[in-house]
Amino acid sequence: YGRNPSKKSPVSSSVMSMSWGSFYNEAQKSSEHSFKERCELLDLARTKFQNGLPFNKMERGLRYMIAGLRTDYDSRWGWFGSMIGAGKYYAAVKRNDIHLSRALDLIPLEGVVSREQYDAYIDEYMLAFPEGRHGIATATRLLALKRPDQFVCFDKMNRDRLCEDFGIKASGMNYERYWDEIVERIMDSAWWNSPAPTRRLELSAWKGRSAMLDAIFYEA
């Protein structure tokens, strides 16, 4: 996985070796946020994207919620990664920068997101920051809300435990490493490749299974 092989075998990762049932049970143990409400929040974001409006045409409060910024639209705006301290990102969302919307348009709603589509997203996303100060946390926050089945927001509240479990370095995480070392591990995991369950709440969690890593690794 990537250019810096981990000294830790994938089978030594507690998460990579989990079955879907074990993963589902583990994700419900978080005491920080209600599991059911986590599912509801991801369902809400998914529904809004499925309505067909591009990000820049959504109402302001909804855009802020999806971006992980403070808003009265939904009190759970900070779940799955609060981006409240990201000043340049906040400014880009506030001015409704077209590059953020165009970047999200490059990520399909259905099917497996390819490396090429991810790279195209990152290239477009970075155009919203002509002065720099973009980053992996904000980029993956948007990805996790549009495609929570494949992406997890990588931020300061989950990165240490996630990287420890995967056996990778938390420092120096960049866009290339995120795909190579995190996304590819996720897509090789038994729980990620499991068939869709039928029970409503469980299916909701399955549709947001990668983003739910935040529930497992979150550390206040």
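Which elements are included in what covers the buried residues of helix α7? In this predicted model, the cover of α7 includes α2 (35-50), α3 (60-67) and α4 (87-94), together with α5 (98-105), α6 (115-126) and α9 (175-188). Helix α7 itself spans residues 136-146 and is mostly covered, with 10 of its 11 residues buried. The buried positions of α7 comprise Ile136, Thr138, Ala139, Thr140 and Arg141, followed by Leu142, Leu143, Ala144, Leu145 and Lys146, so that Arg141 and Lys146 count as buried in the sense of having under 20% relative accessible area.

The setting of this helix is a protein that contains 11 helices and zero strands, and the elements accordingly run α-α-α-α-α-α-α-α-α-α-α from the N terminus on. The radius of gyration is 16 Å, close to the 17 Å that the globule rule gives for 220 residues, and the protein is therefore as compact as a globular protein of that length. Taken along the principal axes, the C-alpha atoms fill a box of roughly 45 × 40 × 35 Å. Of the 220 residues in the protein, 51% are buried, and of the contacts between residues at least 6 apart in sequence, 68% join residues at least 24 apart.

The protein exposes about 10,300 Å², of which 47% is supplied by carbon and sulfur atoms. Its side chains include 32 that are positive and 29 that are negative, and the centres of these two sets lie 3 Å apart.

The largest nonpolar core holds 70 residues, and those that touch the most other members are Tyr121, Tyr125, Leu142, Tyr178 and Ile182. Leu142 is also one of the buried residues of α7. When residues up to four places away in sequence are not counted, Tyr178 touches Tyr118, Ile136, Thr140 and Phe151, as well as Val152, Phe154, Met173 and Val183. Among these partners of Tyr178 are Ile136 and Thr140, both of which are buried residues of α7.

Helix α3, which is included in the cover of α7, is likewise mostly covered, seven of its eight residues being buried. These buried residues are Gly61, Leu62, Arg63, Tyr64, Met65, Ile66 and Ala67, and what covers them includes α2, α4 and α7. Just after α3, Gly68 takes a positive phi of about 80 degrees.

Within α3 lies Arg63, which has a relative accessible area of 6% and is therefore buried, the cut-off for that class being under 20%. With residues up to four places away in sequence not counted, Arg63 touches Phe55, Asn56, Met58, Val93 and Asn96. The C-alpha atoms of Arg63 and Ser101 are separated by 10.0 Å, although the two residues are 38 residues apart along the chain.

A further buried charged side chain is provided by Asp214, which is found in helix α11 (residues 213-217). The relative accessibility of Asp214 is 3%, and this residue therefore counts as buried. Leaving aside neighbours within four places in sequence, Asp214 is in contact with Arg38, Phe80, Val152, Asp155 and Asn158. Val152 is also among the residues touched by Tyr178.

Conventions
Residues numbered from 1 in each chain as written. Heavy atoms only, no water. Helix = DSSP H or I, 4+ residues; strand = E, 2+ residues; numbered from the N terminus. Rg over C-alpha atoms; globule rule 2.2 N^0.38 Å. Buried < 20%, exposed > 50% of the residue type's maximum accessible area, 1.4 Å probe, protein only. Contact = heavy atoms within 4.5 Å. Areas by Shrake-Rupley, 256 points an atom, 1.4 Å probe, with all protein chains shown as cover. Charge placed at Lys NZ, Arg CZ, Asp CG, Glu CD. Core = buried A, V, L, I, M, F, W, Y, C linked by side-chain atoms within 4.5 Å.
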